[in-house]
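Let's take a walk through this one together. Have a look at the fold first, and then we'll go through its packing piece by piece.

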Amino acid sequence: EELLEEQVPQPLSLPASVPTSDSLGGVLAQALQTKDRTLLESVLAETDTHVIQTTCRRLPTAQVQSFLEAIVDRLTARPARALTMTVWLRATLVAH
């Protein structure tokens with residue numbers, strides 16, 4: 001009986017979920033509303049262009065200005081991030 005118990009497959013642990021534009025859009029809106037820099041940085045770490053574009057399209061118009069200011073602040077502080085930040089900047093400008 002012990003052998004049978006050991007051979008029963010255990011449930012696989014799933015990897016952490018990949019962020020979707022739905023979840024990322026909510027996180028972005030929350031980060032902007034609460035002015036949470038750490039949360040905003042976690043959103044801006046996304047590099048998937050499709051997710052970025054969809055997230056920007058879902059950004060409420062009332063938050064666009066503060067998001068653009070946050071991107072510009074990061075570009076000014078660290079010009080080396082220009083490649084990543086311009087993807088977010090472009091997606092936001094195209095969407096709004």
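**A walk through the helices**

Of the 96 residues in this protein, 29% count as buried, where buried means under 20% relative accessible area, exposed over 50%, and partly exposed anything in between (1.4 Å probe, protein chains only). Keep in mind that this is a predicted model: local features need pLDDT of at least 70, side-chain atom pairs count only at pLDDT 80 or more, and totals for chains, interfaces and linings use all residues. Residues are numbered from 1 along each chain as its sequence is written, and side-chain values use heavy atoms, with hydrogens and water left out.

The protein has 6 helices and 0 strands, so read from the N terminus the order is simply α-α-α-α-α-α, given that helices (H or I, at least four residues) and strands (E, at least two) are DSSP runs numbered from the N terminus. About 6,900 Å² of the protein is exposed, and carbon and sulfur atoms supply 57% of that; these areas come from the Shrake-Rupley method with a 1.4 Å probe, and for residues only the protein chains shown count as cover. Of the contacts (heavy atoms within 4.5 Å) with a separation of 6 or more, 67% are between residues 24 or more positions apart.

Now find helix α4 (residues 49–58) and helix α6 (residues 82–95), whose axes come within 8 Å and cross at roughly 45°. Axes here are lines fitted to C-alpha atoms, for helices over the stretch in contact, and angles run from 0 to 180 degrees between N-to-C directions. That crossing makes α4 oblique to α6, because angles under 35 degrees count as roughly parallel, over 145 as roughly antiparallel, 65 to 115 as roughly perpendicular and the rest as oblique. On the α4 side, Ile-52, Gln-53, Thr-55, Cys-56 and Arg-57 make the contact, and on the α6 side Val-87, Trp-88, Ala-91, Thr-92 and Ala-95 do. By class, the residues of this contact are 6 nonpolar, 3 polar and 1 charged; Ala, Val, Leu, Ile, Met, Phe, Trp, Tyr, Cys and Pro count as nonpolar, Asp, Glu, Lys and Arg as charged, and the others, Gly among them, as polar.

Stay with Arg-57 of α4 for a moment. Leaving aside neighbours within four places in sequence, Arg-57 touches Ala-95 and His-96. His-96 turns up again with Val-64, which sits in helix α5 (residues 61–77): the two are 32 residues apart in sequence and 7.7 Å apart, C-alpha to C-alpha. Val-64 counts as buried because its relative accessibility is 11%, and beyond four places in sequence its contacts are Leu-59, Thr-92 and His-96.

Further along α5 is Arg-74. Is Arg-74 buried or exposed? At 7% relative accessibility, Arg-74 counts as buried. Outside its neighbours within four places, Arg-74 is in contact with Arg-37, Leu-40, Glu-41, Leu-44, Arg-81 and Met-85. Several of these names come back where α3 meets α5: Arg-37, Leu-40, Glu-41 and Leu-44 in α3 face Phe-67, Ala-70 and Arg-74 in α5. This contact has 4 nonpolar, no polar and 3 charged residues.

Last stop: the loop between α2 (21–34) and α3 (37–44), home of Lys-35. Lys-35 has a positive phi of about 55° although it is not a glycine. Most residues other than glycine have a negative phi. At 70% relative accessibility, Lys-35 counts as exposed.
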